Each structure stands twice: as C-alpha cells, then as structure tokens.
Amino acid sequence: MKKSHILAIAVIAVAIGLIMSTVGDASVYVSFREARERAADGNLTKVHVVGRLPRDGQKNIMGLEYNPTLDPNYFAFTLVDTNRIAQRVIYFNPKPQDFDKSEQVVITGAMRNDVFVADKILLKCPSKYVEKDIKGATASR
C-alpha cells in the first residue's frame, strides 16, 4: 500500500470516530410523558422538551419560584409541553435574562423523580417585528 492510501484510511477512521462520539451526546425532542417513561425505564439520557409558560389573566407567569437573595442558583417554574402536560422544572443556575418575556421555552435535561431537572434553557422571545410593520414595508428596487 502506498503512504497516501494509509493516510487516507487514517483520516477516514478519525472522521468516523468523531462522528460516533458526537452521536452519543445528541438528545432528542420529546414530551414530558416520554421523558417520564424514559426515566422509569432507567434511561437517563438528556432530552429536549418544548413548551410554553402558563400565564394568568394579567399575563404574569404562574408557578415561578426564584429568590436570588436566598439561593441565586435555584430557579423553578412550571412548563406546559406541546401535549398540554404541565411539569415542574428545576434549573440549578440563575434565572435567565428576559425569561418573563419569552413566548416559548426549550429545556434540555432529564426527569429525576417527579421533576424535570434542566441543564440548559433556550428562550424564544417575542418577535420585534409586528405584523402591521411587515404589511407596511415595501421592497426597494
């Protein structure tokens, strides 16, 4: 075999190794029901859950628990997933900025007992473009 063939095989082997190592860290999007089932089966891999924050008549978030003077690294809230299942979520970090303004939340973590322990929180904030602004805009030529 030529040295170039051996080098090409080595590069391919390294690429396959890198791909296989990242596949193990990939998590899937599930509902809270599926996350509970996975935890009951002993599967503690991380998952993504998409949901909305329940709000009262004045648009205030219900079930929010955060007291930075008592414990700045404990933030708990209720999230309602796409199947309308409400679940208590605990995040052992400070409350994310603009959490109160978010329309949709994506959390990454796993079920532990009766709560979902989140490692990451991604926020989808309201669009800065209002529909009436888009209708009034014209394309320049």
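Here is a chat between a student and a tutor about the predicted model shown above.

Student: Hi! What should I know about the model before we start?

Tutor: Hi! The model is predicted, so local features need pLDDT of at least 70 and side-chain atom pairs count only at pLDDT 80 or more, while totals for chains, interfaces and linings use all residues. Residues are numbered from 1 along each chain as its sequence is written, and side-chain values use heavy atoms, with hydrogens and water left out.

Student: Cool. How many helices and strands are there in the chain?

Tutor: The chain has 3 helices and 7 strands. Helices (H or I, at least four residues) and strands (E, at least two) are DSSP runs, numbered from the N terminus.

Student: In what order do the elements run?

Tutor: From the N terminus on, the order is α-β-α-β-β-β-β-β-β-α.

Student: And how much of the chain counts as buried?

Tutor: Of its 141 residues, 26% count as buried. Buried means under 20% relative accessible area, exposed means over 50%, and partly exposed is in between (1.4 Å probe, protein chains only).

Student: Which buried residues sit in the middle of things in the largest nonpolar core?

Tutor: That core has 19 residues, and the ones touching the most other members are Phe-77, Leu-79, Val-89, Phe-99, Ile-107, Phe-116 and Ile-121. A nonpolar core is a set of buried Ala, Val, Leu, Ile, Met, Phe, Trp, Tyr and Cys residues joined through side-chain atoms within 4.5 Å.

Student: Which elements supply at least two residues of this core?

Tutor: They are α2, β2, β4 (75-81), β5, β6 (104-112) and β7. As a general background point, nonpolar side chains tend to be buried together in soluble globular proteins.

Student: Let's zoom in on Leu-79. What is Leu-79 in contact with?

Tutor: Leaving aside neighbours within four places in sequence, Leu-79 is in contact with residues including Phe-32, Leu-53, Ile-85, Val-89, Val-105 and Ile-107. Contact means heavy atoms within 4.5 Å.

Student: How do β4 and β5 run when they join?

Tutor: They run antiparallel, joined by 6 bridges. Two strands pair if DSSP finds at least two bridges between them. In this pair, Val-80 stands opposite Ala-86 in β5.

Student: What lies between β4 and β5 in the hairpin?

Tutor: There are 4 residues between them, and Arg-84 in the turn has a positive phi of about 65°. Arg-84 is exposed, with a relative accessible area of 76%.

Student: Why mention the sign of phi?

Tutor: Because most residues other than glycine have a negative phi. Lys-59 also has a positive phi of about 65° although Lys-59 is not a glycine. Lys-59 lies in the loop between β2 and β3 and is exposed, at 63% relative accessible area.

Student: Back to β5. In what sense do β5 and β7 pair?

Tutor: β5 and β7 pair in the parallel sense, over 3 bridges. Here Ile-90 stands opposite Val-117 in β7.

Student: New topic: how many salt bridges does a search of the whole structure find?

Tutor: The search finds 5 salt bridges. A salt bridge is a side-chain nitrogen of Lys or Arg within 4 Å of a carboxyl oxygen of Asp or Glu. One of them joins the side chains of Lys-46 and Asp-119, at 3.1 Å from N to O.

Student: Where do Lys-46 and Asp-119 lie?

Tutor: Lys-46 lies in the loop between α2 (32-40) and β2 (47-52), and Asp-119 lies in strand β7 (residues 115-124), so the pair ties together parts that are 73 residues apart in sequence. Lys-46 is partly exposed at 46% relative accessibility, and Asp-119 is partly exposed at 36%.

Student: What does Arg-88 form a salt bridge with?

Tutor: Its partner is Glu-65, with the closest N and O atoms 2.9 Å apart. Arg-88 is in strand β5 (residues 86-91) and Glu-65 in strand β3 (residues 65-66), so this pair ties together parts 23 residues apart in sequence.

Student: Last one! Which residues form a nonpolar patch on the surface?

Tutor: Met-1, Ile-6 and Ile-9 do, with about 360 Å² of accessible area together. Accessible areas come from the Shrake-Rupley method with a 1.4 Å probe, and for residues only the protein chains shown count as cover. Patches are made of residues with over 30% relative accessible area and no salt bridge, where like charges are joined within 9 Å and nonpolar side chains (Val, Leu, Ile, Met, Phe, Trp, Tyr) within 5 Å. Ile-9 lies in helix α1 (residues 3-25) and is partly exposed, at 48%.
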